[in-house]
Amino acid sequence: MKLFDLHCDTLYECYENEKNLRKNNLMIDQSKVSEYNHYIQFFALFCGVESQNKNALCKLNPDDRLDALLSEAKKQFSLNGDWLVQCYDSEELDIAITKGKSAAFLSIEGAELVPTYEHLQKAYDAGVRMITLSWNYQNKYATGAMLDNDAVLTAEGKTFVDNLVKKNIIIDVSHLSEHGFWDVCTQTEAPFVASHSNSRSVHHHLRNLTDLQFSEIIRRGGLCGINLYSRFLSNKDESSFADALKHIEHFCSLGGEDCLALGCDFDGCDNLPKEIKSAGDMQKFAEYMLKHNYAQSIVDNIFYNNANKFIHRML
């Protein structure tokens, strides 16, 4: 099978804890994804949290954090170039597929990493092709839903959205306040993604999307990646594939079959469905869906095809 995942924090973990993408004790490394016929991953450059790690990103001047993460990405892609290639657009993605290599795109989680237009240009030149406007907190552009779900997109945030559209960088509304989401919709008609977000109707959590938000993503031809973090799947201490499937079923009932993908949040959360020990276990989830009467074509679309088509349309 093939796997296209819209969100992981593995590069951030490599930076903070001196790991290597080739082999590590994280959710993603070469051996863990080697069984997929083809594997595409958006690697997020995460804005960071307070940490006591020797290499903690938070210890750097905010203006220097982007450089540190871009340097880490460049190093990791260089060290792993025999099996993993960074792509800047869909043409390079097709070349990677033809060569039988896994493909990597860069994204940014938390636009505080790009406080100026110069930072944005640097990120674009280095291959960043998707940016979340906020993480859980407030920055100069927007506010996370977990802090204030009624917070608006700032004037600078609206300009930032315009700049992303002009540069053909995909807007990511995961984490964004609900009011900010609709401000983005007013600011642009461009398709956007919620790279790792679930259904609030299935599990009432502010990080999850309302039916109206999801319907808007459908209307504009966007994409939504199912997040496997247990806290966003259910209110139980332990989640399972059954909980993740409830979100997929609900989104499909709204007509979202063609805009659903995966945004697993590997290495960005500490509690996943009990069946998952690494990225390699996503094959078990596909098998679970098939056993629950999902057609192979629908499983293939959610696990790979929908995201692949979207990237070819956008990049």
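Me: What volume does the largest pocket have?
Reply: In this predicted model, the largest pocket has a volume of about 400 Å³.

Me: What makes a residue part of the lining of the largest pocket, and how many residues line this pocket?
Reply: A lining residue has an atom within 4 Å of a point of the pocket. The largest pocket has 26 such residues. Among them, Phe-46, Trp-135, Asn-136, Gly-268 and Cys-269 lie nearest the centre of the pocket.

Me: Which helices supply at least two residues of this lining?
Reply: Helix 1 (10-17) and helix 9 (230-233) each do so. Helix 1 gives the largest share, which is four residues.

Me: How do the residues of this lining divide into nonpolar, polar and charged?
Reply: The lining of the largest pocket holds eight nonpolar, nine polar and nine charged residues.

Me: Why does Trp-135 count as nonpolar in the lining of the second largest pocket?
Reply: Trp-135 is one of the lining residues of that pocket, and Trp is in the nonpolar group, so Trp-135 counts as nonpolar. Glu-50, Arg-65 and Glu-112 also belong to this lining; Glu and Arg count as charged, so these residues are charged. In total, the lining divides into seven nonpolar, one polar and three charged residues. The second largest pocket has a volume of about 170 Å³.

Me: What makes a space a cavity and not a pocket, and how many cavities of 30 Å³ or more does the search find?
Reply: In a cavity, a 1.4 Å probe fits but cannot get out, whereas a pocket is open. A search of the whole structure finds one cavity of 30 Å³ or more. The largest cavity has a volume of about 80 Å³, and 16 residues line it, including Leu-176, Leu-206, Arg-207, Leu-209 and Gln-213, which lie nearest its centre. The lining of the largest cavity divides into six nonpolar, seven polar and three charged residues.

Me: At what angle do the axes of helix 11 and helix 12 cross?
Reply: The axes of helix 11 (residues 282-291) and helix 12 (residues 296-314) cross at roughly 145° and come within 9 Å. The crossing of helix 11 past helix 12 is right-handed.

Me: Which residues make the contact between these helices?
Reply: Helix 11 contributes Met-282, Phe-285, Ala-286, Met-289 and Leu-290, while helix 12 contributes Gln-296, Val-299, Ile-302 and Phe-303. The contact has eight nonpolar residues, one polar residue and no charged residue. Gln is outside the nonpolar and charged groups, and therefore Gln-296 is the polar residue of this contact.

Technical notes. Residues are numbered from 1 along each chain as its sequence is written. This is a predicted model: local features need pLDDT of at least 70, side-chain atom pairs count only at pLDDT 80 or more; totals for chains, interfaces and linings use all residues. Side-chain values use heavy atoms; hydrogens and water are left out. On a 1 Å grid over the protein atoms alone, a cavity is a set of points where a 1.4 Å probe fits but cannot get out, and a pocket is an open set with protein on both sides within 12 Å along at least five of seven lines; lining residues have an atom within 4 Å of a point. Grid points are joined across faces, edges and corners, and a volume is the space filled by probe spheres set on the points. Axes are lines fitted to C-alpha atoms, for helices over the stretch in contact, and angles run from 0 to 180 degrees between N-to-C directions. A crossing is left-handed if the near helix is turned anticlockwise from the far one by less than a right angle, and right-handed if clockwise. Contact means heavy atoms within 4.5 Å.
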